[in-house]
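This report describes the fold, the surface and the charged pairs of one protein chain. Please look through the sequence and the structure before reading on.

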Amino acid sequence: MSDNIPGPPVALMDRLSFLLKRTFALLEATIEPGLARLGINGREFGVLTLLEAEGPASQQRLADRIGVDRTTMVALIDGLEEKRLLKRHRDPSNRRAYVLEVTAAGHKRRRDALKAVERAEQGALAPLSAAESATLTRALQRLVQAGSVESSGGQTTAATS
């Protein structure tokens with residue numbers, strides 16, 4: 001038996017879970033260095049993207065939308081606040097809650113990060129034709145949408161890495 005068998009394990013190439021995990025690992029390895037050069041990571045990019053798309057939100061709502069626990073969300077928010085990419089202030093309608101907003105610097109960083117993410121994704125999808133890339137994206141969107149509705153009791157949720 002050889003220890004240096006090239007390529008992915010053939011015995012697992014029919015397993016969707018293996019393929020998705022391997023694909024995620026490849027994407028993460030491609031995307032994270034570009035984000036790191038900008039001083040953020042994938043989860044921080046997700047937070048900035050969601051806040052920019054949906055507007056100011058409470059920490060709890062944001063945690064629910066991206067699917068992280070409160071402790072993780074607090075750490076993400078603390079890091080983004082230290083980097084001056086978002087600001088946190090008391091919710092005037094609920095003094096116990098905080099509202100999060102992206103700063104001007106955060107908007108610029110997210111735009112730069114989006115370019116890096118798009119370049120990395122295009123590189124990762126390079127072995128596929130444009131039609132195959134579009135089909136893959138649509139199929140994954142349907143799977144995520146179906147899983148989000150099922151796991152939330154009929155409500156749609158958004159998730160990020």
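## Surface patches

R37 has a relative accessibility of 69% and therefore counts as exposed, since exposed residues have over 50%. The model discussed here is a predicted one. R37 is located in helix α1, which covers residues 16–37. Together with R111, K115 and R119, R37 forms a positive patch on the surface. The greatest contribution to this positive patch comes from helix α5 (residues 104–124), which supplies three residues.

A second patch is nonpolar in character. The side chains of L16, L20, L128, L136, L140 and L143 make this nonpolar surface patch, which has an area of about 490 Å². Two elements, α1 and α6 (130–151), each give two or more residues to the nonpolar patch. Of the contributing elements, α6 gives the most, with three residues.

L20 is a member of this patch and is found in helix α1. Is L20 buried, partly exposed or exposed? With a relative accessibility of 39%, L20 counts as partly exposed, because this class lies between the 20% limit for buried residues and the 50% limit for exposed ones.

## The chain as a whole

How many helices and strands does the protein chain have? There are six helices and three strands. Read from the N terminus, the order of the elements is α-α-β-α-α-β-β-α-α. The protein chain has 161 residues, and 27% of them count as buried. The exposed area of the chain is about 10900 Å², of which carbon and sulfur atoms supply 56%.

The contacts give a further view of the fold. Among contacts between residues at least 6 apart in sequence, 51% join residues that are at least 24 apart.

## Salt bridges

The count of salt bridges in this model is seven. The table presents three of them, with the distance between the closest N and O atoms of each pair.

| Pair | Closest N and O atoms |
|---|---|
| E52 and R110 | 2.9 Å |
| R61 and E54 | 3.5 Å |
| E54 and R65 | 2.5 Å |

The pair of E52 and R110 forms a salt bridge. E52 lies in helix α2 (residues 42–54) and R110 in helix α5, so this pair ties together parts that are 58 residues apart in sequence. How do the two partners stand with respect to the surface? E52 is partly exposed, with a relative accessible area of 28%, whereas R110, at 11% relative accessibility, counts as buried.

The other two pairs in the table have E54 as a partner. R61 forms a salt bridge with E54, and E54 also forms one with R65. Because E54 lies in helix α2 and R65 in helix α3 (residues 59–66), the second of these pairs ties together parts that are eleven residues apart in sequence. Which residues do the shared partners join into one network? The network consists of E54, R61 and R65.

The accessibility of these three residues can be considered in turn. R61 is partly exposed, with a relative accessible area of 43%. E54 is also partly exposed, at 37%. R65 has a relative accessibility of 17% and therefore counts as buried, since buried means under 20%.

## Two further arginines

R84 is placed in the loop between α4 (70–82) and β2. The phi angle of R84 is near 60 degrees, a positive value in a residue other than glycine. R84 has a relative accessible area of 63% and is exposed.

R88 is found in strand β2, which covers residues 86–91. Which residues does R88 touch, when those up to four places away in sequence are not counted? R88 touches Q59, I77, D78, E81, Y98, V99 and L100. The position of R88 can also be compared with that of S58: the two residues are 30 residues apart along the chain, and their C-alpha atoms are separated by 8.9 Å.

How values were computed:
Residues numbered from 1 in each chain as written. Predicted model: local features only at pLDDT ≥ 70, side-chain atom pairs only at ≥ 80, totals over all residues. Heavy atoms only, no water. Patch = residues over 30% accessible without salt bridge, like charges linked within 9 Å, V, L, I, M, F, W, Y side chains within 5 Å. Areas by Shrake-Rupley, 256 points an atom, 1.4 Å probe, with all protein chains shown as cover. Salt bridge = Lys/Arg side-chain N within 4 Å of Asp/Glu carboxyl O. Lys, Arg positive; Asp, Glu negative; His and termini not counted. Charge placed at Lys NZ, Arg CZ, Asp CG, Glu CD. Helix = DSSP H or I, 4+ residues; strand = E, 2+ residues; numbered from the N terminus. Buried < 20%, exposed > 50% of the residue type's maximum accessible area, 1.4 Å probe, protein only. Contact = heavy atoms within 4.5 Å.
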